[in-house]
Protein chains: 2
Amino acid sequence: MKRVSIKDVAREAGVSATTVSYVLNRNPGETISAETTQRVLEAVRRLHYVPNLNARSLSSRRSNLIGVLIPQTEPGKEFMFSNPFYGELLSAIEYTARKNGYHLLLSGTQEDQSYVNVAQNRGVDGIIIVGAYPGRNLEELRGMNVPIVLVDSYVKDAAFHTIGIEDREGARMATEYLIAKGHRDIAFVSGSIREHGVNSKRYQGYCDALAAAGIAPDENALYSDTVSYEYGVAAAGEYVRRGRKQTAAFVTADVLAVGLVKGLLQHGLRIPEDLSVVGFDDVYLSRICYPSLTTVHQDIARKGAEAVRLIMEAAAGAHERMECILPLTLVERDSVMERRAR
Amino acid sequence: MKRVSIKDVAREAGVSATTVSYVLNRNPGETISAETTQRVLEAVRRLHYVPNLNARSLSSRRSNLIGVLIPQTEPGKEFMFSNPFYGELLSAIEYTARKNGYHLLLSGTQEDQSYVNVAQNRGVDGIIIVGAYPGRNLEELRGMNVPIVLVDSYVKDAAFHTIGIEDREGARMATEYLIAKGHRDIAFVSGSIREHGVNSKRYQGYCDALAAAGIAPDENALYSDTVSYEYGVAAAGEYVRRGRKQTAAFVTADVLAVGLVKGLLQHGLRIPEDLSVVGFDDVYLSRICYPSLTTVHQDIARKGAEAVRLIMEAAAGAHERMECILPLTLVERDSVMERRAR
DNA sequence: TTTGCTTACTGAAACGTTTAAGTGAATTTG
DNA sequence: CAAATTCACTTAAACGTTTCAGTAAGCAAA
């Protein structure tokens with residue numbers, strides 16, 4: 001039960017292996033007669049030949065493989081890859097990659113883990129890293145000789161291409177929207193605020209909007225290390241415990257916002273009557289949850305597509321650092337209402 | 001900027017490449033002295049050597065790579081991979097695979113597409129196929145010389161291992177539960193009912209429960225199309241159009257159930273007061289939606305883990321066909337209530 | 001007629017591993 | 001003490017491609 005190799009095809013077609021390779025790869029500069037091409041393709045079909053891509057990678061040093069690294073927790077505990085946003089992004093990346101002849105090498109990442117082993121040794125043509133933050137992991141990657149795209153990271157490093165969104169603008173937009181609806185006490189709920197992370201930018205945007213309206217930022221911002229539905233629920237409890245000072249909340253991730261809403265409902269509060277909520281990301285879930293979530297929309301499909309595009313361009317020889325920032329819009333749904341006296 | 005290879009390590013450590021390979025692979029039967037082992041490992045560390053897994057696969061004919069095929073639609077249109085269940089399952093597969101030293105080669109599949117090219121040519125050690133149904137695609141795979149695990153398929157074929165759940169039992173359980181709550185007119189909402197597919201089993205289970213209670217199944221209570229949130233919403237419209245005969249619905253996928261509920265709410269109906277709903281899968285979303293969904297729970301994390309285990313066992317030499325059926329339980333949440341007169 | 005160019009191929013090395021088979025030296029066995 | 005065994009390695013072939021550097025034939029140009 002041996003695999004059929006290029007040599008078998010060559011024998012069948014009465015040509016050399018080299019010729020078969022040239023036929024299959026339409027190698028520029030090489031000329032193969034129409035007749036021979038026919039014979040080779042015939043043989044390929046007859047023998048059901050499929051090229052061994054490992055051998056091809058080994059020889060040509062390109063693999064048509066893109067490594068994708070996504071934060072992962074133990075399964076069953078949380079959403080797919082800890083945030084449904086990651087799932088949707090992955091889906092978009094996969095789709096674009098496949099349409100361009102790439103395969104995906106998928107690996108989850110956990111805090112302490114080395115990034116390098118995960119992907120380098122397969123000879124990937126590029127790596128897309130989602131949700132990374134600076135640290136020894138990124139240091140490791142710098143030495144690698146492969147294009148790397150960081151998604152949603154504010155690391156400015158010549159070694160990494162980045163793709164992101166107008167975080168600060170988006171947050172300002174959301175907060176301004178709440179202010180325009182008459183709210184002045186606006187909670188800020190997010191995952192951990194780290195330097196170079198998206199949340200610090202979103203916090204800035206939130207402050208920008210408050211400042212423009214002459215409101216002092218709320219010292220009691222709620223945030224945690226993890227972006228999760230569970231933390232959203234917990235934050236609701238905390239909000240009640242603290243005396244429900246705010247009439248609105250800007251939440252930096254939909255999954256968190258949905259948890260918050262759920263938690264508040266469980267406490268017998270009504271949304272948006274008792275608290276107006278604006279989320280961030282516009283994951284599919286936001287349309288589904290109850291009440292449906294007013295949120296800052298980002299084009300996830302496009303983000304994935306651009307990530308793949310950057311890898312391809314870099315692999316094709318582009319050498320300067322590339323950066324791609326996508327715009328945001330606000331989508332109004334049912335989780336916000338005009339402020340009224342309580 | 002050359003890659004460091006095993007030969008560089010060999011030179012550095014003053015031994016042959018073979019010795020380095022033996023040290024790195026702890027090859028059984030081969031003895032390498034402690035001192036040499038030390039020297040080699042030192043050299044590996046000094047040179048930051050990482051083995052080229054493509055070369056390894058080529059030479060050893062095992063890749064530590066598992067191909068995963070998941071139904072995929074255009075991104076942005078629907079959930080991750082068309083059903084959040086797939087995302088959660090993928091997450092579980094990834095986790096288990098990684099813990100066992102495997103990487104994942106991910107590919108989405110679309111209706112018309114050949115499965116073979118997607119994975120075979122990378123020399124994967126096995127393929128996990130989610131949501132496949134018999135057809136020419138499976139025919140193609142039969143010829144391949146690689147363990148294949150079909151998830152949720154009732155294809156009985158010596159060429160494929162399978163992993164599934166007690167679909168019929170689960171459906172019976174759900175329907176019996178509704179009957180026990182006093183319902184007699186129970187809708188059946190599902191994706192397309194195909195031979196060898198899970199939905200035909202679930203339909204049987206639904207009929208079993210009705211029969212046991214002396215209820216004749218009603219053609220008019222059937223809603224079947226595609227598994228998607230959108231179709232759930234559409235089914236709600238259809239339900240209203242048909243005159244709201246049923247007081248309860250058994251829905252064969254949570255994502256569909258959530259759409260149905262959403263659609264009904266949009267029509268001004270209340271859940272569970274106007275319609276009791278039981279879903280299937282217990283995806284994370286079921287806890288989050290409003291009202292939270294009573295549903296048939298399956299252990300998705302375990303399912304993913306078992307899929308990987310089957311691949312590993314098959315790769316290790318097990319040759320008879322393996323089949324793994326996991327049990328189901330019913331989880332009660334807020335989408336069902338006792339029937340009362342209307 | 002020689003030279004040079006084009007066309008259509010082929011040979012062989014290289015990519016980075018694994019692994020079967022072998023090799024000497026040291027050690028044990030009969 | 002010779003023979004057999006064990007130990008600790010090495011040699012070289014193989015895995016299935018790509019690709020550089022030819023080559024031989026045909027033809028046009030000088």
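**Entry 1: the surface near DNA strand D**

I began with H4(A), which gives the most to the surface near DNA strand D, with five residues. "Near" here asks for a heavy atom of the residue within 4 Å of the strand. My helices and strands are DSSP runs numbered from the N terminus: H or I with at least four residues for a helix, E with at least two for a strand.

Before going on, I noted that this is a predicted model, where local features need pLDDT of at least 70, side-chain atom pairs count only at pLDDT 80 or more, and totals for chains, interfaces and linings use all residues. Residues are numbered from 1 along each chain as its sequence is written, chains are lettered from A and ligands numbered from 1 in the order in which they are written, and side-chain values use heavy atoms, with hydrogens and water left out.

Which elements supply at least two residues each of this surface? I found helix H1 (6–13), helix H2 (17–25) and helix H4 (53–60) in chain A, plus helix H2 (17–25) and helix H4 (53–60) in chain B. By class, I listed 11 nonpolar, 15 polar and six charged residues. The classes are: nonpolar for Ala, Val, Leu, Ile, Met, Phe, Trp, Tyr, Cys and Pro; charged for Asp, Glu, Lys and Arg; polar for the others, Gly among them.

**Entry 2: contacts with the DNA**

Of the 32 residues around DNA strand D, I saw that Ile6(A), Ser21(A), Ser59(A), Thr19(B) and Ser33(B) come nearest. Next I looked up polar contacts, pairs of N or O atoms within 3.5 Å. A polar backbone atom of Ile6(A) is 2.6 Å from a phosphate oxygen of the strand. In chain B, a polar side-chain atom of Ser16(B) lies 2.7 Å from a phosphate oxygen. Thr18(A) goes to a base instead: an N or O atom in its side chain is 3.0 Å from a base oxygen. Of the strand's atoms within 4 Å of the protein, 55% belong to sugar or phosphate, and the rest to bases.

**Entry 3: the two chains together**

I counted contacts (heavy atoms within 4.5 Å) and got 61 residues of chain A against 61 of chain B. The chains bury about 5300 Å² between them, 57% of it on carbon and sulfur atoms. Asn54(A), Arg122(A) and Tyr284(A) lose the most area in chain A, together 14% of what that side buries. Buried area is the accessible area (1.4 Å probe) lost on putting two parts together, summed over both.

**Entry 4: helix H9 of chain A**

H9(A) has 15 residues (198–212) and reaches 21 Å from its first C-alpha to its last, close to the 21 Å expected at 1.5 Å a residue. The expected span is 1.5 Å times one less than the number of residues. Its buried residues include Val198(A), Tyr206(A) and Leu210(A). Buried means under 20% relative accessible area, exposed over 50%, partly exposed in between (1.4 Å probe, protein chains only). The buried residues pack against several elements of chain A, among them helix H8 (167–180) and strand E9 (276–281). Just after H9(A), Gly214(A) takes a positive phi of about 75°.

**Entry 5: two residues of chain B**

Why does Ala43(B) count as buried? I noted its relative accessibility of 0%, so Ala43(B) counts as buried. Ala43(B) is in helix H3 (residues 34–47), and beyond its neighbours within four places in sequence it is in contact with Val9(B), Glu12(B) and Ala13(B). His161(B) sits in strand E5 (residues 161–165) and counts as buried because its relative accessibility is 7%.

Technical notes
Polar contact = N/O pair within 3.5 Å; in protein donor to acceptor, adjacent residues only side chain to side chain.
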